[in-house]
Amino acid sequence: MRTDTSPAIYRKDYTPPSYWVRTVQMGFDLDPAATRVATRMTLERNPAGREQALVLFGEELELVQIRLNGKALSRRDYALKDGVLRIPVKLDQITLEIETLIRPDKNTSLMGLYVSNGNFFTQCEAEGFRKITYFPDRPDVMAQYTVMLRADKKAYPVLLSNGNLVEEGDLGDGRHYALWEDPFKKPSYLFALVAGQLVCQEEKIKLQSGREALLQVWVEDGNLDKTQHAMDSLINSIRWDERRFGLELDLDRFMIVAVGDFNMGAMENKGLNIFNTKYVLANPRIATDVDYANIEAVVGHEYFHNWTGNRVTCRDWFQLSLKEGLTVFRDQEFSADMVGTDSGRAVKRIDDVRVLRQAQFPEDAGPMAHPVRPDSFVEISNFYTVTIYEKGAEVVRMYQTLLGRDGFRKGMDLYFKRHDGQAVECDDFRAAMSAANGRDLTQFERWYSQAGTPHVKAKTSYDPVQKTYDITLSQFCAPTPGQDRKQSFHIPVALGLLDSSGKDMTLKLDGEVVAINTVVLELTSAQQTFRFTDVSEYPVPSMLRNFSAPVVLEYDYSEEELAFLMAHDSDAFNRWEAGQRLATRRLLALTAAVQKSDALTIDPALSDSLRATLNDTQLDPAFRETVLTLPAETVVAEQMDVIDPQAIHTARRFLRQSLAQALQSDFVRAYQSSQTDGPYSPDAGSSGKRALKNLALSYIAELDDDYAHTLAQAQYDAADNMTDRMASLSALVNSQAPGKAAALARFYSDFEQEPLVIDKWFSLQAMARTADVAVVRTLMQHPAFSIKNPNRARSLIFSFCNGNPSRFHAADGSGYVFWAEQVIALDAINPQMGARLARSLDRWRKYAPALQEKMHAALKHVAAAKLSKDTKEVVTKSLAAT
Ligand code: B3K
Ligand code: ZN
């Protein structure tokens, strides 16, 4: 066992900084091969600081000089070790000048200052600023920045940074400059600059207060026909935050810039958001309905950070969910409000819960499980997780469920009143919610401190004589790494009772009317019983409505009850949930049958219920699509003690084929009646229809007959938008259709100039039923493939390893050998990408012994390589004894 792992950093070890930075002036002489960065900062000793020296961080920098109060320091005046620079000073006020040299063209990690397609971009969160200059690069150090950019005018006509442009002009030697000033103090992780050949779409809008703001979306030349949706989404976000939370844009100028090489989705730098092109560029030709929705959500997310993250930021990185969980909650609510209808909101909620179940529940049950507010980490980049983001958003949502919308708003108002301009902790948010509502939320803290997904078990009993109905709820949470015993969570369980006609009963608890349809029960101990009185008949309980807590609910519903809930529940989420429960049961039974080589059979109860929903034209098409979509293979996997990817796949495929047969004419009717006429529009109504139509197509294609092939081919040929084109191409590629190779080739030549579409082309093939390691390796040889571009690497390598479980987990272990090679290759180029891919095997202990052994060997192989601390942390934790 190697022991050269980097040390963990602990939350309990937090100490305040020894110096505050008040102002930062930076001058950049931009040159890909040698950018000179001159920084002058004024600092003030922090009386609360414990460290004597001034501590600065720096990585991969050439240090040219340091001057303290005008005097150059020599090597003996400071200590520089492992990226930490310590200057022993005791003065109350100091001015520090630092000059560094960096090489953006050699920066493949895409952290700090780097070059993408000839233009300069930065990414500083979490710890990228230290790759630009030595700095107290920690989020609790907030300063006011002035930035001077200088560069060749022809090569870099556009020079952008945070805040307001105060001056620009020529330098006379073919170079020019721009001076930017950010009026707000900010942590270094929100610093940004962009320089290069870019063009923008701009619009001026009037804010709530009457102030005018300039909005810009910057892209490479040739992409201005793809910026309207991002601009609309930005304007909608601004309006929504004004309306829902009374929060106004605080800058005169707000810019979004798209870049093709980016590690994640987007970044909320103050006034200068930098986005992956995937979350900006859209028109009907290149973007699907899902792309349109994602762009709206991500634009919203980054914009909302301007208050939740930027105005109020994190004291340390352990508090990351303070801004991320809250901002995801805000973007979820924004997207739901943009749809507006009840069923549209339910569809959005279903989508969000799917992500939670497919990605966060497994994380919470694996070796990387961590609380929403972690206690330790080795590399913070590894903690931008579904737990911090999505479970964090669920935790925020529970405040709203417990306190009501108005109570939640009061809490938000108080949070800003108390903490505007500060770097704070998750506890401060909870305290604001508590104080604004006069509610004791002490126990609620455990959602932040304890990892793992709680299981809530429900038992019910009806007394027809007394007319009482008892619900006993109990909770249990399995141990997670470092946490053997869990204390009870404070769990809001939203519940309704349906009478025999399917209507909500008026709810009385111990004689008191508590709700006319839904009551929020608060489970705070290991076990509690709630007694409903005057319950005139045996009810069917609808529990955890709208998924009121991120838990697994265990209740022994009969099949009849589930079918009944599917048909009648007033809570649309639970109508969907009932169908998922029925389908999951069936899939687990089928998986077991596959494993035993038993005959596979279809269950008429399930197909009848699904048929009824499919044909219920009173229901929104988008909602019907969610009901008819079977639980993902990864969701089924989570329910098994030992995961068998092949058996799950066979079972799910069988169920889809059986449904395709049993409901064939229904699917054909749904397909025909869900056509959208007129020009393409990504609105919820039209995209819902397309979703149902394309789901019907995918079922019809399961039969792989001439009719299916002709239908898919006809749709492909006639498609006037990417949603329909991709859906039909997918149907063709996953079938024996004679035209499939031709369609793939034509797709490529039609969209060769559109990188985001070529990503889809790679991804579709990586996730195809016939894909295997050989196919993926061949695609890696394609001239359009590049492992250095994160979107492209994700589209092929990640799509195969994470999106094609039955092929990735091939019995011969070829998927794991491939995985190990790619983790090592990616890690050498870009540690964040390497570490992300490394996560694909972290649940190896859940698989059958034969697979486990091969996964273990692959993990050991990676662990023995020279690795970044990012990837090292992931494989070390994956291999650790449980
Ligand atoms: N805050 C950024 C994430 C930065 C990730 C750094 N590894 C995007 C977001 O959550 O809005
Ligand atoms: Zn965020």
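## Working through a predicted 882-residue chain

Start at the surface: the protein chain exposes about 33900 Å², and carbon and sulfur atoms supply 50% of that area (Shrake-Rupley method with a 1.4 Å probe; for residues, only the protein chains shown count as cover). This is a predicted model, where local features need pLDDT of at least 70 and side-chain atom pairs count only at pLDDT 80 or more, while totals for chains, interfaces and linings use all residues. Residues are numbered from 1 along each chain as its sequence is written, chains are lettered from A and ligands numbered from 1 in the order in which they are written, and side-chain values use heavy atoms, with hydrogens and water left out.

**Exercise 1. Work out whether the radius of gyration agrees with a compact globule.**

Step one: take the rule, 2.2 Å times the number of residues to the power 0.38, with the radius of gyration over C-alpha atoms. Step two: for 882 residues, that puts a compact globule near 29 Å. Step three: the protein chain has 28 Å, so the two agree. For the outline, the C-alpha atoms fill a box of roughly 85 × 65 × 65 Å along the principal axes.

**Exercise 2. Describe the fold's make-up and its contacts.**

Begin by counting elements: there are 26 helices and 34 strands (DSSP runs numbered from the N terminus; helices are H or I with at least four residues, strands E with at least two). Next, look at contacts (heavy atoms within 4.5 Å): of those between residues at least 6 apart in sequence, 70% join residues at least 24 apart. Then check burial: 60% of the 882 residues count as buried (under 20% relative accessible area; exposed is over 50%, partly exposed in between, with a 1.4 Å probe and protein chains only).

**Exercise 3. Find the residues that touch the most other members of the largest nonpolar core.**

First, the term: a nonpolar core is a set of buried Ala, Val, Leu, Ile, Met, Phe, Trp, Tyr and Cys residues joined through side-chain atoms within 4.5 Å. The largest one has 275 residues, and Phe-532 and Trp-819 touch the most other members. Helix α5 (residues 386-419) gives the most to this core, with 14 residues. Leaving out residues up to four places away in sequence, Phe-532 has contacts including Tyr-469, Ile-471, Leu-495, Leu-497 and Val-519.

**Exercise 4. Place Met-26 and Ala-38 and compare their burial classes.**

Met-26 sits in strand β2 (residues 19-29), and Ala-38 in strand β3 (residues 35-45). At 4% relative accessibility Met-26 is buried, whereas Ala-38, at 26%, is partly exposed. The two touch each other. Other contacts of Met-26 include Phe-129, Tyr-145 and Phe-191, while those of Ala-38 include Ile-98 and Glu-99. C-alpha to C-alpha, Ala-38 and Thr-100 are 6.6 Å apart in space, though 62 residues apart in sequence.

**Exercise 5. Track down some backbone oddities.**

Keep the baseline in mind: most residues other than glycine have a negative phi, and most peptide bonds are trans. Now the exceptions. Glu-125 and Ala-126 are joined by a cis peptide bond, with omega about 0°; Ala-126 lies in the loop between β11 (119-123) and β12 (142-152). Leu-110 has a positive phi, near 60°, in the loop between β9 (93-102) and β10 (112-116), and is buried at 6% relative accessibility. Asp-510 also has a positive phi, about 45°, in the loop between β29 (507-509) and β30 (512-515), but is exposed at 58%.
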